[in-house]
Amino acid sequence: MTYENLALSKAITRALSDEMSACEDVIVLGEDVGKLGGVFRVTDGLYQEFGPQRVLDTPLGESGIIGTSIGMAMSGLRPVPEIQFDGFVFPAFNQITTQLAKIRTRSTGQLSAPVTIRLPYGGAVGAIEHHSESPEAYFAHTPGLRVVVPSSSHDAYWMLRKSIQHPDPVIFMEPKRRYWLKGDVDFSADDYDPFQAAVVREGTDLTLVTYGALVPVALAAAEAAVEDGHDIEVIDLRSISPLDIGTVADSVNKTGRAVIVQEASTFVSVSSELSAAVTEQCFYSLEAPVLRVGGFHMPYPVPRAEEEFLPGIDRILDAIDRSFSY
């Protein structure tokens with residue numbers, strides 16, 4: 001095994017570099033991704049390493065970035081476009097959902113569109129609306145798109161490499177508030193499956209399900225629940241579409257209780273789908289209703305109020321207590 005301790009952002013940089021070295025068809029493009037190295041410096045050094053033919057600074061126009069990427073993919077390349085912030089993806093929404101997602105079906109399988117869209121998402125960075133959104137449900141609802149979210153440096157590295165290698169389009173959502181979270185990356189783990197959920201903490205009393213930026217928060221809540229005598233199992237979904245219902249159902253059938261946590265509003269969301277699926281598959285094992293914790297159903301607030309908006313340890317513990325009250 002070959003390990004290296006990297007910040008999550010640098011694990012993404014390394015994944016891009018390694019995949020570009022392995023495959024000459026991989027092209028990185030987006031606003032300021034070249035000489036500047038990106039707003040968050042995630043693409044730092046790639047322009048110098050691979051040159052302006054493979055690391056392209058684009059005009060400020062998300063629809064054009066994705067449209068260009070679609071053309072590249074249909075010509076045999078593997079573009080990796082970056083959308084600078086989550087809330088800026090919507091000018092490209094039509095290109096993504098009505099064009100990119102449908103190319104394989106529209107061509108009856110004769111064409112594929114291996115486009116990996118890097119999308120920094122989420123709050124807790126002191127920003128405002130359009131810079132702190134969680135739009136994963138929009139894309140998960142669209143057939144033909146895969147949506148994945150890493151929570152650690154190891155996941156970020158391998159999830160991005162496997163996404164770029166995949167023949168279908170992938171929305172690769174990067175938890176921007178975890179860019180500086182460090183962790184070991186095992187560069188020998190080539191059998192990594194980005195579409196399989198992971199049990200990141202084993203427990204017997206309740207299943208806590210989350211993904212991306214909230215995995216460390218869920219783990220902290222699980223540790224805090226020990227003081228109340230609760231042994232909490234924590235599952236990192238990793239993939240939003242497809243959803244690994246099997247891993248979640250196996251856990252809930254064991255524990256009998258489930259709490260689902262996400263940054264986005266719980267209204268018509270990933271947690272809604274997962275809650276319904278768990279209820280259908282684990283009905284006779286459930287000791288309490290499946291509960292959900294998420295952002296409130298409102299536009300993202302100003303920075304001084306975001307800590308009240310985003311799920312934290314206290315709100316998760318409150319949901320855990322409510323589950324055990326049944």
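1. A disulfide is taken here as a pair of cysteine sulfur atoms within 2.5 Å. By this rule the count in this predicted model comes to 0 disulfides. Two cysteines can be placed by their burial: C23 is buried, with a relative accessible area of 19%, and C282 is buried at 1% relative accessibility. For C23 the cut-off matters, because buried means under 20%.

2. C282 is also one of the buried residues of helix α10. This helix covers residues 270-282, and its 13 residues should span 18 Å at 1.5 Å a residue; the end C-alpha atoms are 18 Å apart, which agrees. The buried set consists of V270, S271, L274, S275, A277, V278 and C282. These residues cover an arc of only 170 degrees around the axis, which puts them on the same side of α10. An α-helix has 3.6 residues a turn, so residues three or four places apart point the same way.

3. What do the buried residues of α10 pack against? Their partners are the helices α6 (136-140) and α9 (245-255), together with the strands β10 (206-210), β12 (239-241), β13 (258-265) and β14 (291-295).

4. The strands β10, β13 and β14 belong to an open sheet of 5 strands, with the order β9-β11-β10-β13-β14 and mixed pairing. β9 (198-201) and β14 stand at the edges with a single partner strand each, so one side of each is left without a neighbour in the sheet. On average, neighbouring strands of this sheet are turned by 25 degrees against each other, direction ignored.

5. At the β9 edge, the partner is β11 (residues 232-236); the two strands run antiparallel and are joined by 3 bridges. Within this part of the sheet, R201 stands opposite V234 in β11. Helix α8 (residues 215-225) packs on the sheet and touches β9, β10 and β11, and its direction makes about 175 degrees with that of β11.

6. Strand β5 (116-121) deserves a separate point. Is β5 enclosed or open to the outside? Since 6 of the 6 residues of β5 are buried, the strand is largely enclosed by the rest of the structure. In a regular strand the side chains alternate between the two faces of the sheet. Both faces of β5 are covered: T116, R118 and P120 are buried on one side, and I117, L119 and Y121 are buried on the other.

7. β5 pairs with strand β7 (residues 170-175) in the parallel sense, over 6 bridges. In this pairing I117 stands opposite I171 in β7.

8. Some backbone geometry should be checked by eye. Most residues other than glycine have a negative phi, and most peptide bonds are trans. A124, which is not a glycine, has a positive phi of about 70 degrees. A124 is found in the loop between β5 and α6 and counts as partly exposed, at 25% relative accessibility.

9. R238 is another residue that is not a glycine and has a positive phi, here of about 65 degrees. Its place is in the loop between β11 and β12. Is R238 buried or exposed? R238 is buried, with a relative accessible area of 11%.

10. The peptide bond from S241 to P242 is cis, with omega near 5 degrees. P242 is found in the loop between β12 and α9, and both of these elements are among the packing partners of the buried residues of α10.

Key
Residues are numbered from 1 along each chain as its sequence is written. This is a predicted model: local features need pLDDT of at least 70, side-chain atom pairs count only at pLDDT 80 or more; totals for chains, interfaces and linings use all residues. Side-chain values use heavy atoms; hydrogens and water are left out. Helices (H or I, at least four residues) and strands (E, at least two) are DSSP runs, numbered from the N terminus. The expected span of a helix is 1.5 Å times one less than its number of residues. Buried means under 20% relative accessible area, exposed over 50%, partly exposed in between (1.4 Å probe, protein chains only). The arc is that of the directions from the helix axis to the C-beta atoms. Contact means heavy atoms within 4.5 Å. Two strands pair if DSSP finds at least two bridges between them. Axes are lines fitted to C-alpha atoms, for helices over the stretch in contact, and angles run from 0 to 180 degrees between N-to-C directions.
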